[in-house]
Amino acid sequence: MTQALRNFFSCRSMLKPGQQEGEIPPSREVYRKNLSIAWPAALESTLIGLIAMVDTIMVGTLGAPAIAAVGITNQPKMVFLALINSLNVAVTVVVARRKGEGDQTGAVRCLKQSVLISTVLSLLLSLAGVAFARPILQVAGAGPDIIDDASAYLQIIMAGFLFNTLSMTINAAQRGVGNTKLAMRSNVAANLVNVLFNYLLINGVGPFPRLEVAGAAVASVLGSMVALGMAVASLFHHDGFLSIRMKTSWRFEKATIFTMSRIAGSAMVEQVFMRIGFFAYAAIVAGLGTIPFATHQICMNILGIIFYVADGFGIATSSLVGQSLGARRKDMAMIYAKVGQRIALVVGLMLSLVCVVLRTPLILMFSREAEVVQMGVFLMLIIAVITPFDTCQVVVTGCLRGAGDNLFIALTSLISIAIVRPGLSWLLCYPLGMGRVGAWVGVLVDQVLRFLINFIRLSSGKWTEKVV
């Protein structure tokens, strides 16, 4: 058994005969390199998720309708972020390849052009979000008891959209070169600002006005402003691989734009399928009523944190895979992919145990309403089953994304997220009368299916042939 575990985690056992293309570093060194990038990225991703989670916890003192009002905005926000997320996928992939090739000029050129694109897109999306917040939330399933608070929250968030998206784009470029500590530090600062102003503005402390749900939105925007300031400051370091002091043009370059658009286009297709599926899923659950949706939203926040932890390891895998392929080391790309997957499995099992042992305290962090707590504690057991599949599929997807295999990921999203999750959840929630439990069985099936499809693709090795 011990020898079997050693073989499972050994880097040399991860390659088939004939796949080795050069010297393979010791397993300890490979794991150390992965973790050195992964832990700041995991913390960064978790802190991003905590901004929304903290808002939900701190407005929880206002009651279940306030929780539902903040929660119902999550999918509309992610719909607006779809274009930016697609751009950021391309930025990370291209910068990682240029890093592996030693092409600093190409990496900086990619950064500058992505910042310009992100700025234009963000301003247009911000205007649309402020103008159409209410009808969008009505489509999302917001009832008359929460629509006013939800609209105010979303409008304020979208008014500060540029601060959030620009910091995300800069951090995406930094992740491509393996600099995940910058994003971690900026998001620590953003969360501290968010928590402070949540406390001051939700209930009105001292001279600060009582803004309730709207106060949580203002606090989030202030946190995003701080994160952007720190991200921009990082680009002025002379010794950084990504320094805008380097004399490269801010003009658009056809070759760079073509490469980025090809990757971003596939990522956009993935985002569209994801947002359609998640939006439809949220609307289905919202139809169950305010209390059930509030319970559901609490559990989604907890699952979201698990996802963000896994996403950090996915980011590390994506960066290392991209750099390895840029250096023409397919064997090391495969090793980093499998090392990331094994780390994700261990982390997933540990988080699953936490969900079982601490399920009641976790729910009580958000609400003490008896019905919410009772159902939430039960749903945490389903989350415990979901967690190992979630962490593993996020890392496997990150590997494929780092290689530029985004069209395949888009196909997986179409099948699993856009069709299976909402379709099965609706069937279980309503015709079969399983309510909230049915919705979470839909999530479980979605996660397992995505993991299996993408794992088969990873095992095939076809993703190593992608040219960026």
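**Entry 1: terms and overall fold**

I count a helix as a DSSP run of H or I with at least four residues, numbered from the N terminus. I am working on a predicted model. I looked up the secondary structure before anything else. The chain has 17 helices and zero strands.

I then checked the overall dimensions. The C-alpha atoms fill a box of roughly 60 × 55 × 35 Å along the principal axes. For 468 residues, a compact globule would have a radius of gyration near 23 Å. I find 22 Å for the chain, so the value agrees with the globule rule.

I noted burial next. Of the 468 residues, 56% count as buried. The exposed area of the chain is about 18700 Å², and carbon and sulfur atoms supply 68% of it. I also took the contacts with a separation of 6 or more. Residues 24 or more positions apart account for 82% of them.

**Entry 2: the nonpolar patch**

Which residues make the nonpolar surface patch? I list L353, V354, V356, V357, L358, F378 and L381. The patch covers about 580 Å². Helix 13 (330–357) and helix 15 (370–402) are the elements that give two or more residues to the patch. Helix 13 gives the most, with four residues.

I picked out L353, which is found in helix 13. L353 has a relative accessible area of 55%. The cut-off for exposed is over 50%, so L353 counts as exposed.

**Entry 3: helix 5, two neighbours**

I looked at K112 and Q113 in turn. K112 is found in helix 5, and so is Q113. Helix 5 runs over residues 104–131.

Is K112 buried or exposed? K112 is buried, with a relative accessible area of 2%. I left aside its neighbours within four places in sequence. K112 is then in contact with I244, M246, T248, S249 and W250.

Q113 has 0% relative accessibility and counts as buried. I set aside residues up to four places away here too. Q113 touches R251, F252, E253, T256 and I257. Of its partners, I can place T256 and I257 by the range of helix 11, residues 254–286.

**Entry 4: helix 8**

I tested the length of helix 8, residues 161–176. At 1.5 Å a residue, its 16 residues should span 22 Å. The end C-alpha atoms are 23 Å apart, so the helix agrees with the expected span. Helix 8 is mostly covered, with 13 of its 16 residues buried. G178 follows helix 8 and has a positive phi, near 90°.

**Entry 5: positive phi without glycine**

I recorded two residues here. E212 is not a glycine, yet its phi is positive at about 55°. E212 is found in the loop between helix 9 (181–202) and helix 10 (213–234). E212 is partly exposed at 30% relative accessibility.

R328 is not a glycine either, and its phi is positive at about 60°. Where is R328 found? R328 is in the loop between helix 12 (290–326) and helix 13. At 69% relative accessibility, R328 counts as exposed.

**Entry 6: salt bridges**

I searched the whole structure and got ten salt bridges. I followed up some of them.

E270 and R401 meet through their side chains at 2.6 Å, N to O. E270 lies in helix 11 and R401 in helix 15, so the pair ties together parts 131 residues apart in sequence. E270 is buried, with a relative accessible area of 2%.

R329 and D331 form a salt bridge at 2.8 Å, N to O. D331 has a relative accessible area of 0% and is buried.

D446 forms a salt bridge with R421, and their closest N and O atoms are 2.9 Å apart. D446 lies in helix 17 (residues 435–460) and R421 in helix 16 (residues 406–429), so the pair ties together parts 25 residues apart in sequence. D446 is buried at 0% relative accessible area. R421 counts as buried at 4%. I traced the links further. R421, D446 and R450 are linked in a network of salt bridges.

**Entry 7: one distance across the chain**

I looked up I276 last. I276 is found in helix 11. I276 is partly exposed, with a relative accessible area of 47%. How many residues along the chain separate I276 from S413? They are 137 residues apart, and their C-alpha atoms are separated by 9.9 Å.

Note on methods:
Residues are numbered from 1 along each chain as its sequence is written. This is a predicted model: local features need pLDDT of at least 70, side-chain atom pairs count only at pLDDT 80 or more; totals for chains, interfaces and linings use all residues. Side-chain values use heavy atoms; hydrogens and water are left out. Patches are made of residues with over 30% relative accessible area and no salt bridge: like charges are joined within 9 Å, nonpolar side chains (Val, Leu, Ile, Met, Phe, Trp, Tyr) within 5 Å. Accessible areas come from the Shrake-Rupley method with a 1.4 Å probe; for residues, only the protein chains shown count as cover. A salt bridge is a side-chain nitrogen of Lys or Arg within 4 Å of a carboxyl oxygen of Asp or Glu. Buried means under 20% relative accessible area, exposed over 50%, partly exposed in between (1.4 Å probe, protein chains only). Contact means heavy atoms within 4.5 Å. The expected span of a helix is 1.5 Å times one less than its number of residues. The radius of gyration is taken over C-alpha atoms; the globule rule is 2.2 Å times the number of residues to the power 0.38.
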